[in-house]
Structures are given as structure tokens and as C-alpha cells.
Amino acid sequence: MFVSQILPHYLPIPKSLKHHSNASQNSFFLTTFKPSSRTTVKLRAILFENSLFKHCFSKSEDGYLCCEGLRVEDVMNNVEKSPFYLYSKPQITRNFQAYRDALEGLDSIIGYAIKANNNLKIFEHLRKLGCGAVLVSGNELRLALHAGCIFNGNGKLLEELVLAAQEGVFVNVDSEFDLDNIVSAARIAGKKVNLLLRINPDVDPQVHPYVATGNKNSKFGIRNEKLQWFLDAVKALPNELKLVGAHCHLGSTITKVDIFRDAAVLMVNYIDQIRAQGFKIDYLNIGGGLGIDYYHTGAVLPSPRDLIDTVRELVLSRDLNLIIEPGRSLIANTCCLVNRVTGVKTNGTKNFIVIDGSMAELIRPSLYDAYQGAGLVVHDAGAYCMSMASTYNLKMRPPEYWVEEDGPWPRSVMQRHLKTI
Ligand SMILES: Cc1ncc(COP(=O)(O)O)c(C=O)c1O
């Protein structure tokens, strides 16, 4: 195993995409990274006492936290800056494979939700494995181009839609004004746009309100009462629009697969209604949203297979191509945020361990009371952590490394994070 830094990319995306492998343009430099022989105990594993939980992060026999067998402390002692995100590349592969295996026997597309983690290297790795992409902005689109993309979101801009039209990306329609913009984009690009209707199925995902999107009072998707209006509008514009499917996304951190099943039942009924009007639609997109076990208390959470199996028969019964858009369940558990202890203090009644990491690097717990590991290493930090990191308090965005399964040491390290403010 070896560790290399994963290129953090900063906007504008096109430039970084174009030049990400160009050493001189991106201050690329090589560094030697070797496991240290020091045996301090700062990063002793405090989680994973529960033997049911097995994945890339595990506790070694002598009590150290390891990522794919490599001591996290050794990594910390050999990288320049802390805190940092540490991923397991093999775990990303395994997570993708779990979806791939679960989808066997179905026509399907896995569209990785780039919002969960927009690291270019991670995306390239997923793309090599055969993953598509689901995106919500022009820059995510530029990042993902050529991967087979689906453009989501309720605030897409005309210029972003023009790019999507030019590139032949599938676009989810979210509202009346969104449809107007899509029509304008098709005319500007001189290309027909392939559409999926994002229908709000009004299914309660039973998650924190901030991450619920599939219930009636959410701002996402079209109201099902308006379905006929949208179908008529699409029918009237055959030169600009081609309806190819229906989409829903219920929310995130969902831990019960019946919720997906309930939505899929509603969605195939809509698809029946749409087909009955002569539309030849092939795609059912059930969004993302599968939760992961942040608590590690031994609870058995649904796997990708459980999710797919719960909708399999419905999909086959209508001869549909199933699109799924996982973010969190593909990437969250592949990573932890590694922090260094700055000091220990007390306010008289409570003792504090002060670390160099903060809500600037990882905001989920402060933003919506998310529980995410404990101690000096914050686990399950692959999704919605680095992609929501900020420069709050004028802190630098943290570097990202991954442990790879192949290749020699030393590895190249990209150093651009030091220049971003
Ligand atoms: C439309 C859509 N698809 C997919 C996702 C990914 O969800 P998750 O990371 O929970 O799988 C999101 C996240 O909010 C989304 O809005």
C-alpha cells in the first residue's frame, strides 16, 4: 500500500481539468513519503471496538488505526499539513463494485453524485470503473464531461444548460421556468435536449429535514398534479425536447429501503401514464440517498443490493433502464479527516482536547447535527465534508490523500492548496 495526495482542484474547473497533469502549471512537485519508524501513540484507534464493522479503516493488534493496513499515524507524520483527508482507493472500488454487483441483471446506469465529493482523481477513478455522473452546476458538468452525465438541480442557469445541450447530457426538468430555460438552451445550442421529468413523489424519506427532498413541501421537482402540463409542453416542442425518462430523489441518509420501493411504485405508475400518451421513455431514475452507518453500533443498514432488490421487479416489469445516483453510500466511508492535537485545556468543569481541525474543514455536525465519529480522527468523512469545506477563519482547505493498492513509493504530491487564498 502507498499513499499519494489527491489533487485538490479549484475553480475555474476547465483550467484544472485541462492542466491537472501538467506539473509546471500547477506547482506540481514530488515528495518522498515513507512510513515512519516512530511509535508515538497520538493516533491510537478509538473506534472499531465493534467487530461487526469491517472496512478500510481498522484497528491493528497493537491498537493503531490503520487504513488498508497502513498506520494513519505514519501518514500523519509524513505529510506536511494537518488536518487532512485520508481516503482508501480500494474502498472506493469496493463500494462501486457493491452497486455494480447489485445491479446485475438490470439495464442500468450508476451516476455518482459529484456533490458528495468533487475530487477529480476520485471521479476519474470512478469513471474508469464505469461510473457516470450526476451534477448540479456548470462547473460540476465541466468536471464530469464525457462520463455520461445527468444534470439535476432547481436553479440551473441558462449558460449551464447550453453547455449541457451541446454535450448531449440528460437534463432533469425541475419546474416551469427550468423547462423554459431548457428550451432556450436547446435553441441556442441547436440541439435537442434529452429530458427526465423530476417528479416529486411526496414520499417522506424519514431523515433530517435539511436533507429531505421528496416530500410535498420540498422545493425540488414538479408537483404530480402538473404532470400533464409538462407532458403537453414537451409534446409541443419536438424540435427542442425529447422525453427519455422520469426522475425522483427522496433525500439523503435514508436507512429504510421500503421508502425507495414506495417511491418506485409511484414512479412506475407515472411512467405508465406517460407511455400511454405515446412517449417512448426508457429510464427510471430513483436518485441517490442510501444512508451509511455513521454510528458503528452494530446496526445492520441496507446495502446497495437491498436497495436494488427492492425495486428490481418493478424495473423489469416495465422493461426500464434504472438510473441510480449514489453519493454518500459510494464515498463517505472511504475516508477520515485526520487531526493533530494542538493542546489540552479545561474550563474548570470540562476538559477539552484542542485539535487543528474545525468546522471549516468539516461542517456537517455543526450544520445539521450530524453525528460523525469521535476523537482525533473523524470517520466516514468522504461525502459532503471536503466538498463543503470552507476557508472560514481564513483557514486553508485541507489536503487530501489516498491509500492506493498498487504502485511504488514515493508518490507525487500536488501542493496547490497552499496557494488558494
Ligand atoms: C438529485 C440528487 N441525486 C443524488 C444525490 C446524492 O444523494 P446521496 O449522497 O444521499 O446518495 C443528491 C444529494 O442531495 C441529489 O440532490
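Trainee: Which residues touch the most other members in the largest nonpolar core?

Mentor: This is a predicted model, to start with. In its largest nonpolar core, those residues are Y85, Y112, L195, L197, L243, L284 and L322. The core holds 100 residues.

Trainee: Which helix gives the most to this core?

Mentor: Helix α9, residues 257–276. It contributes 10 residues.

Trainee: And where is the other core?

Mentor: It lies apart from the largest one. That core has 16 residues, including M76, V79, C336 and V377.

Trainee: Back to Y85. What does Y85 touch, not counting residues up to four places away in sequence?

Mentor: Y85 contacts C335, C336, L337, E361, L362, A381, C385 and M386 among others. P398, P399, E400 and Y401 are also on the list for Y85.

Trainee: Switching to strands. How many are in the closed barrel?

Mentor: Eight, in the order β7-β8-β9-β10-β11-β12-β13-β14, with parallel pairing. From one strand to the next, the twist averages 30°.

Trainee: How many bridges join β13 to β14?

Mentor: Three, between residues 283–285 of β13 and residues 321–324 of β14. Y283 sits opposite N321 in β14.

Trainee: Now α6. Which strands does it lie across?

Mentor: Helix α6, residues 158–167, crosses β9, β10 and β11. It runs at about 150° to β9.

Trainee: Which α6 residues are buried?

Mentor: E160, L161, V162, L163, A164 and A165.

Trainee: What do they pack against?

Mentor: The buried residues of α6 pack against helices α5 and α7, plus strands β9, β10 and β11.

Trainee: What phi does G168 take, just after α6?

Mentor: A positive one, about 70°.

Technical notes. Residues numbered from 1 in each chain as written. Predicted model: local features only at pLDDT ≥ 70, side-chain atom pairs only at ≥ 80, totals over all residues. Heavy atoms only, no water. Core = buried A, V, L, I, M, F, W, Y, C linked by side-chain atoms within 4.5 Å. Buried < 20%, exposed > 50% of the residue type's maximum accessible area, 1.4 Å probe, protein only. Helix = DSSP H or I, 4+ residues; strand = E, 2+ residues; numbered from the N terminus. Contact = heavy atoms within 4.5 Å. Pairing = 2+ DSSP bridges. Axes fitted to C-alpha atoms, helices over the stretch in contact; angles between N-to-C directions.
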